[in-house]
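Subject: Structure for you to look at

Dear colleague,

I am handing over the structure below, and after it I set out what was found, beginning with the cysteines and then turning to the cavities.

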Amino acid sequence: MKLTDISGDINEWFDGSGPMSDIVVSSRIRLARNLAGHKFLSRCSNAEKSEILKKLKNVLMSLDLGDKVFYVSVDKAPALSKNFLVERHLISRHHAFGKGPRGVVLARREFFTAMINEEDHLRIQVLKAGCQLSQCAKQINEIDDMIEQKIDYAFSPRFGYLTACPTNVGTGIRVSVMLHLPALKMTGQIEKFFNAAKDMSLAVRGLFGEGTEAASDLYQLSNQVTLGVSESRIVSQFEDSIIPEIVEYENAARSRLLTSETHILDD
Amino acid sequence: MRCQICNNKDATIHLTEITDGVRSEMHICEQCAAEQGIAVKSHIPINELLSSLLAAQPGDDELSDPDELQTACPTCGFTLEQFRKEGVLGCPNDYELFAKSLQPLIEKAHCGKITHCGKLPSRTPLDTRKQAELLSLRQRLDAAVQNEDYELAAQLRDKITENEK
């Protein structure tokens, strides 16, 4: 199985299906994990990084995900393949152009990827089309449990899952939704959305994550707090209050554009 | 306010320059700023944000104590001074070793929360002491390889394998 086998397909999570898909383009949950008994990557020699890579690759390739799974050695991949993986949201830019032995395990239908040796030893993510955070949470939890049966994660009862950066410690969870908010942008209300997100300790990023532009009015909204609040609570906050509210505002702005503010849409 | 250069777009960048005690102000748009070679940081890199958070802990005398900053983790050799620069920790043991100094930062990053209340590993995780022991063995293994003491390295590798069972 090679990258060229998937390059002609449309990612399953980007096919415009799923609940609320006119506004919520996709849902994503990722978990950051590190192996017990190993240093974090900034202090690892290449030999230790290779050891971690080998261990995790073996575990991940043996998982039963109900789909074909294949591995790409990111450090050896040509720039074209790296850019392809970044553009498909399968790995981060940091992972693509980082240093040392590293790789990614992918499901053929692209709903699951696992970056090995990114900022943490392991970052697994599940992606789905539309607003499907509960389904993402259920699936990633099952995959995490399967991995945990075979290896020991660095964990402390006090701080939870230990991550290289303390901003991810605890659950190590990053819940994000990709939102298409053209009407809020056109009616000049997008700043209100940014401020509301900031008040709720949520991060708003561009299409390709941290430090990227919000091209085509697509924004990624994600949680920042990962400690002292459970995974299910974070997911339910998104599903029960944050997303419905944003969808309501965007729909109201779209209605206004079509009724009282049609001049904005005129050429 | 209009950009003082193109007089067309809104000025979103406001520069204040003080030369020989004379203050001058300039209000320009992002495009003109780029043309003038003025870099605008729209996003603060996470490590800079962490460094500023860590550096701005008022009244935390212990953190500003140079000795504390220089204390090296026995298992990975990491110091808080390095954390200030890099924004990431050296090994899982650092959370316990630097717990006191890290607490204000963790509190700020997680809206006042300092204790995990989410998922627990489905089976008993390695205890902290065993994790630290493994880290220490790997540290010694790295040193042995560097010193080309392959006999010791082989012994340490066996111990690591034994410990991981």
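How many disulfides does the structure hold over all chains? Please keep in mind that this is a predicted model; it holds 0 disulfides over all chains. C131(A), for one, is in no disulfide, and the nearest cysteine sulfur, which belongs to C136(A), is 9.1 Å away. C131(A) is also buried, its relative accessible area being 10%.

In chain B, the closest cysteine sulfur to that of C111(B) is the one in C117(B), and because the two are 13 Å apart, they are too far from each other for a bond. The relative accessible area of C111(B) is 45%, so this residue counts as partly exposed.

As for the cavities, a search of the whole structure finds 3 of 30 Å³ or more, and the largest has a volume of about 100 Å³. Its lining draws on both chains, with F155(A), S156(A) and L162(A) on one side of the list and residues including P92(B), Y95(B), T128(B) and L135(B) on the other. The elements that give two or more residues to this lining are β6 (155–156) of chain A and, in chain B, α6 (93–97) and α8 (128–146), with α8(B) giving the most, namely 4 residues. By character, the lining residues of the largest cavity divide into 6 nonpolar, 4 polar and 1 charged.

Where does the largest cavity lie with respect to the domains of chain B? Domain 2 (46–109) and domain 3 (126–164) of chain B both give residues to its lining, so the cavity lies between them.

With best wishes

Definitions and conventions. Residues are numbered from 1 along each chain as its sequence is written. Chains are lettered from A and ligands numbered from 1 in the order in which they are written. This is a predicted model: local features need pLDDT of at least 70, side-chain atom pairs count only at pLDDT 80 or more; totals for chains, interfaces and linings use all residues. Side-chain values use heavy atoms; hydrogens and water are left out. A disulfide is a pair of cysteine sulfur atoms within 2.5 Å. Buried means under 20% relative accessible area, exposed over 50%, partly exposed in between (1.4 Å probe, protein chains only). On a 1 Å grid over the protein atoms alone, a cavity is a set of points where a 1.4 Å probe fits but cannot get out, and a pocket is an open set with protein on both sides within 12 Å along at least five of seven lines; lining residues have an atom within 4 Å of a point. Grid points are joined across faces, edges and corners, and a volume is the space filled by probe spheres set on the points. Ala, Val, Leu, Ile, Met, Phe, Trp, Tyr, Cys and Pro count as nonpolar, Asp, Glu, Lys and Arg as charged, and the others, Gly among them, as polar. Domain bounds come from an automatic or database domain assignment.
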